Amino acid sequence: MGVGKSKLDKCPLSWHKKDSVDADQDDHESDSKNSQDASLRGFVEQSSGTEPPTGEQDRPEAKGAGPEEQAEEEFLKFVILHAEDDTDEALRVQDLLQNDFGIRPGIVFAEMPCGRLHLQNLDDAVNGSAWTILLLTENFLRDTWCNFQFYTSLMNSVSRQHKYNSVIPMRPLNSPLPRERTPLALQTINALEEESQGFSTQVERIFRESVFERQQSIWKETRSVSQKQFIA
């Protein structure tokens, strides 16, 4: 998962617009012939690059990866899922957690790599980080994709033991979603309240290094097994 402000400039968030869906379909059709026997992860990774010339497909991969590939190997502390209109607010919260509390590295969903399927990005974001922060604003529940994001995140935290309590609803300072309008499924989870006097204590209690290290270890083991299966 690459992190970089340039991605926001070149790839604005447009996951629920028709032109984005068409582009995803075109990319899928152009690459389907070369990825029939590959896993979804392998397909997405290969489709982001160019096809090697004939006779070079079986050559070992070059040593050393580019900056984006190296970043994708890194397990993140958190990912912020947010509405498209809340990208600036998500970046502000990211900066707050990283610079004021030293919780790094983190990413906002708008920074996920361009050219990938949205579901693949969501899977990488949730399973490639220790905590999933749901930015509860007035915009969040207006978007069908955001509804899907938080339901998927909750189901993932229930079905995977090491992801238990990894979903963190957060009401930011700007346009927070009122408690009475928060979905019942999220009302059962203690939310981070940025305007609360106990916000700093909440952050320290939730983002514990021991939890991160345990999830990171499991992520590395799972990734290693998946890569071996893909090569085989």
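Me: What share of the 232 residues of the chain counts as buried?
Reply: This is a predicted model. A residue counts as buried when its relative accessible area is under 20%. Of the 232 residues of the chain, the share that meets this is 43%.

Me: How many helices and how many strands does the secondary structure of the chain come to?
Reply: Helices and strands are numbered from the N terminus. The secondary structure of the chain comes to ten helices and five strands.

Me: Which element of the chain has the highest mean pLDDT?
Reply: Over the chain, pLDDT averages 75, and 67% of the residues score at least 70. Among the elements, the lowest mean is 41, for helix 3 (residues 40–47). The highest mean, 96, belongs to helix 5 (residues 87–100).

Me: How many contacts beyond four places in sequence does the model have for residues 9–71?
Reply: Two stretches can be taken in turn. Over residues 1–7 pLDDT stays under 50, and the model has 24 contacts beyond four places in sequence for them. Over residues 9–71 pLDDT also stays under 50, and the number of such contacts is 52.

Me: In what order do the five strands form the open sheet?
Reply: Strands of a sheet pair through backbone hydrogen bonds, either parallel or antiparallel. Here the pairing is parallel, and the order of the five strands is 2-1-3-4-5.

Me: Which strands stand at the edges, and why is one side of each left without a neighbour in the sheet?
Reply: Each edge strand has a single partner strand, so one of its sides has no neighbour in the sheet. The strands in this position are strand 2 (106–108) and strand 5 (192–193).

Me: Over how many bridges do strand 1 and strand 3 pair?
Reply: One of the bridges can be named by its residues: Ile80 has Ile133, in strand 3, as its bridge partner. The pairing of strand 1 and strand 3 is parallel, and the number of bridges is five.

Me: Which residue of strand 4 stands opposite Leu135?
Reply: Strand 3 and strand 4 pair in the parallel sense over four bridges. Strand 3, helix 7 and strand 4 also make a right-handed β-α-β unit. The residue of strand 4 that stands opposite Leu135 is Met170.

Me: What is the bridge partner of Met170 in strand 5?
Reply: Strand 4 (residues 167–171) pairs with strand 5 in the parallel sense, over two bridges. In strand 5, the bridge partner of Met170 is Leu192.

Me: How many of the seven residues of strand 3 are buried?
Reply: Strand 3 is largely enclosed by the rest of the structure, because its buried residues number seven of the seven.

Me: How many salt bridges does a search of the whole structure find, and which residue does Glu209 meet in one?
Reply: The search finds seven salt bridges. In one of them the N to O distance is 3.3 Å, and the side chain of Glu209 meets that of Lys77. This pair links distant parts of the chain, 132 residues apart: Glu209 lies in helix 10 (residues 209–231), and in strand 1 (residues 76–81) lies Lys77.

Me: Does Lys77 count as buried or exposed?
Reply: Its salt-bridge partner Glu209 has 40% relative accessibility and so counts as partly exposed. Lys77 has 9%, which is why the class for Lys77 is buried.

Me: What is the N to O distance in the salt bridge of Glu193 and Arg171?
Reply: Both Glu193 and Arg171 are buried. In their salt bridge the side chains meet with an N to O distance of 2.6 Å. The pair links distant parts of the chain, with Glu193 in strand 5 and Arg171 in strand 4, and the two are apart by 22 residues.

Me: Which residues are linked with Arg92 in a network of salt bridges?
Reply: The network links Arg92 with two acidic partners, Glu89 and Glu194.

Me: Which residue joins the side chain of Asn139 in a polar contact of 3.0 Å?
Reply: Asn139 has its place in the loop between strand 3 (129–135) and helix 7 (144–159). Leaving aside neighbours within four places in sequence, Asn139 is in contact with Ala83, Asp85 and Asp86. The polar contact of 3.0 Å joins the side chain of Asn139 to that of Arg142.

Me: With which residue does Arg142 form a salt bridge?
Reply: Arg142 has 59% relative accessibility and so counts as exposed. The closest N and O atoms of the salt bridge are 3.9 Å apart, and the partner of Arg142 is Glu138.

Definitions and conventions: Residues are numbered from 1 along each chain as its sequence is written. This is a predicted model: local features need pLDDT of at least 70, side-chain atom pairs count only at pLDDT 80 or more; totals for chains, interfaces and linings use all residues. Side-chain values use heavy atoms; hydrogens and water are left out. A polar contact is a pair of N or O atoms within 3.5 Å; within protein, one must be able to donate a hydrogen and the other to accept it, and residues adjacent in sequence count only if both atoms are side-chain atoms. Contact means heavy atoms within 4.5 Å. pLDDT is the predictor's confidence in each residue, from 0 to 100. Two strands pair if DSSP finds at least two bridges between them. A salt bridge is a side-chain nitrogen of Lys or Arg within 4 Å of a carboxyl oxygen of Asp or Glu. Buried means under 20% relative accessible area, exposed over 50%, partly exposed in between (1.4 Å probe, protein chains only). A crossover is right-handed if, with the strands pointing away from the viewer, the path from the first strand over the helix to the second runs clockwise.
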